Amino acid sequence: MFANAGLKQMVFGSPRSRDGRQKVRIRPVSLRGRLMFQAEELVGNQAFHKNLLPEELEAYVKELVPGEFRSGQVISELGSAAVLVSKKGAVTVRVKGGAQAAPSLENTVSLAHNRKKRYVLEEGIPVPFLVDLGVMTEDGSIVRTRYDKFRQINRFLEFIEDILPNLDKGRENTIIDFGCGKSYLTFAMYHYLNRVKGYPVRIIGLDLKKDVISRCSRLAEQYGYDGLSFADGDIAGFEGVEHVDMVVTLHACDTATDYALEKAVRWGARVILSVPCCQHELNKQLKNQLLKPALQYGLIKERMAALLTDGLRAEILEHYGYRTQILEFIDMEHTPKNILIRAVYDGRKKDNRQELEEMMQFLSVEPALARLLPLS
């Protein structure tokens, strides 16, 4: 039985149908001191989560393969296994690791709330830029007041890990980080892609604050990060490159996000990762007689405008040939600005012009991205 605390992760992909679940990731969690397994199901542009008891996990997995997915990967403390399903439904399992019996719950590491969690960048292993940026101490311990930042960095690297197949390990990949700020995530991205995964990358961080950019430039030189550079300037006016493979924009305020997305599409970027912030534009425009009873409340209108802004952005990217998802970046308890737009280019343009135009007319809005990238 694989439903024990020795299980690290299960991932299922290659769906038989474009409808329904496109990917499922399963990991162990502890809820109120009890071992459970959280399944993250990606359906279209949304991510859904469900928690399963150990006795429910086996039946759940049997629904996934060979029925819905053609491939899967299981990683545990004993080793790993790849699951492949042929067109005729034959299942092949390739195992790496020891053949000893699965460890009992009593002999495995506790999944209690205060356990040392598994991260892409691990606790206890000092990373120079995290030490200098005040997230880690020199022995690799996490500074207590910066633990949320540490979790955010690792969550971001999980999204980077997911899009690795869209980068080319055989050539230099150009990545732009718009609004990089103090560049916690920019340094983490370079460290992970270049030093950990071995990808040849050129990463450019852009921000308006010259003093911050100057410090980040000094740190990049200090660490020997030759492929990492920084520049000061605004997103709309940036013209420093002709081709970009990935665009990252984290907490670019209001329409700055739209300018970053527009440049990514113009460049033909393979990947876009965007965490929007302060979506004020539609809040000023939004009018609808049918919704007036709800929109009279400022807080409700503000939140609706923010969600509608990102929904329209995602659909415009779909119109330009991106498969787009809206995902939870970090837990809502840490910040309400927790939506990440992840878009991967595959060239299949969605025929949604009429739907978008009708929706914008219904809401009496014209978002910046619709002006920057006209629907054709």
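**Rings and charges in a predicted model**

Let me begin with one residue, Phe187, which at 0% relative accessibility counts as buried. Please keep in mind throughout that what we are looking at is a predicted model. I will come back to Phe187 in a moment, and I will take the aromatic rings before the charged side chains.

How many aromatic pairs are there? By the rule used here, the count comes to twelve aromatic pairs. One of them joins Phe178 and Phe238 in an edge-to-face arrangement, with 6.0 Å from centre to centre and 80 degrees between the planes. If you look for the two partners along the chain, you will find Phe178 in strand β8 (residues 173-178) and Phe238 in the loop between β10 (228-232) and β11 (246-253), so that this pair links distant parts of the chain, 60 residues apart. Phe178 has a relative accessibility of 0% and is therefore counted as buried, and Phe238 is also buried, at 11%.

Phe187, where I started, forms an edge-to-face pair with Tyr223, in which the ring centres are 5.9 Å apart and the planes stand at 80 degrees to each other. Because Phe187 lies in helix α4 (residues 184-196) and Tyr223 in the loop between α5 and β10, the pair ties together parts that are 36 residues apart in sequence. Is Tyr223 buried or exposed? At 13% relative accessibility it counts as buried, since the limit for that word is under 20%. Both of these rings also belong to one aromatic cluster, which is made up of Phe129, Phe187, Tyr190, Tyr223, Tyr225 and Phe230.

Now to the charged side chains, where the structure holds 22 salt bridges. I have chosen three of them to walk through with you.

In the first example, the side chains of Glu68 and Arg21 meet with 2.3 Å from N to O. Why does this pair tie together parts that are 47 residues apart in sequence? The reason is that Glu68 lies in the loop between α1 (54-64) and β5 (69-76), whereas Arg21 lies in strand β2 (residues 21-31). Glu68 is partly exposed, with a relative accessible area of 26%, while Arg21 is buried, with 14%. These two residues are also part of a network of salt bridges that links Arg21, Glu41, Lys50, Glu63 and Glu68.

In my next example, Arg25 forms a salt bridge with Asp162, and their closest N and O atoms are 2.8 Å apart. Here again distant parts of the chain are linked, with Arg25 in strand β2 and Asp162 in helix α3 (residues 147-162), 137 residues apart. Asp162 counts as partly exposed, at 24% relative accessibility.

The last example is the salt bridge of Glu315 with Lys350, in which the closest N and O atoms are 3.1 Å apart. Glu315 sits in helix α9 (residues 298-319) and Lys350 in the loop between β14 (339-345) and α10 (353-363), so this pair too links distant parts of the chain, 35 residues apart. Glu315 counts as buried at 18% relative accessibility, whereas Lys350 is partly exposed, at 33%.

Let me finish at the surface. Which residues form a positive surface patch? They are Lys182, Lys209, Arg215 and Arg218. Among them, Arg215 has its place in helix α5 (residues 210-222), and at 36% relative accessibility Arg215 counts as partly exposed.

Conventions: Residues are numbered from 1 along each chain as its sequence is written. This is a predicted model: local features need pLDDT of at least 70, side-chain atom pairs count only at pLDDT 80 or more; totals for chains, interfaces and linings use all residues. Side-chain values use heavy atoms; hydrogens and water are left out. A salt bridge is a side-chain nitrogen of Lys or Arg within 4 Å of a carboxyl oxygen of Asp or Glu. Helices (H or I, at least four residues) and strands (E, at least two) are DSSP runs, numbered from the N terminus. Buried means under 20% relative accessible area, exposed over 50%, partly exposed in between (1.4 Å probe, protein chains only). Patches are made of residues with over 30% relative accessible area and no salt bridge: like charges are joined within 9 Å, nonpolar side chains (Val, Leu, Ile, Met, Phe, Trp, Tyr) within 5 Å. Accessible areas come from the Shrake-Rupley method with a 1.4 Å probe; for residues, only the protein chains shown count as cover. Lys and Arg count as positive and Asp and Glu as negative; His and the chain ends are not counted. The place of a charge is taken as NZ of Lys, CZ of Arg, CG of Asp or CD of Glu. Rings of Phe, Tyr and Trp (its six-membered ring) pair if their centres lie within 6.5 Å; planes under 30 degrees apart count as stacked, over 60 as edge-to-face and the rest as tilted.
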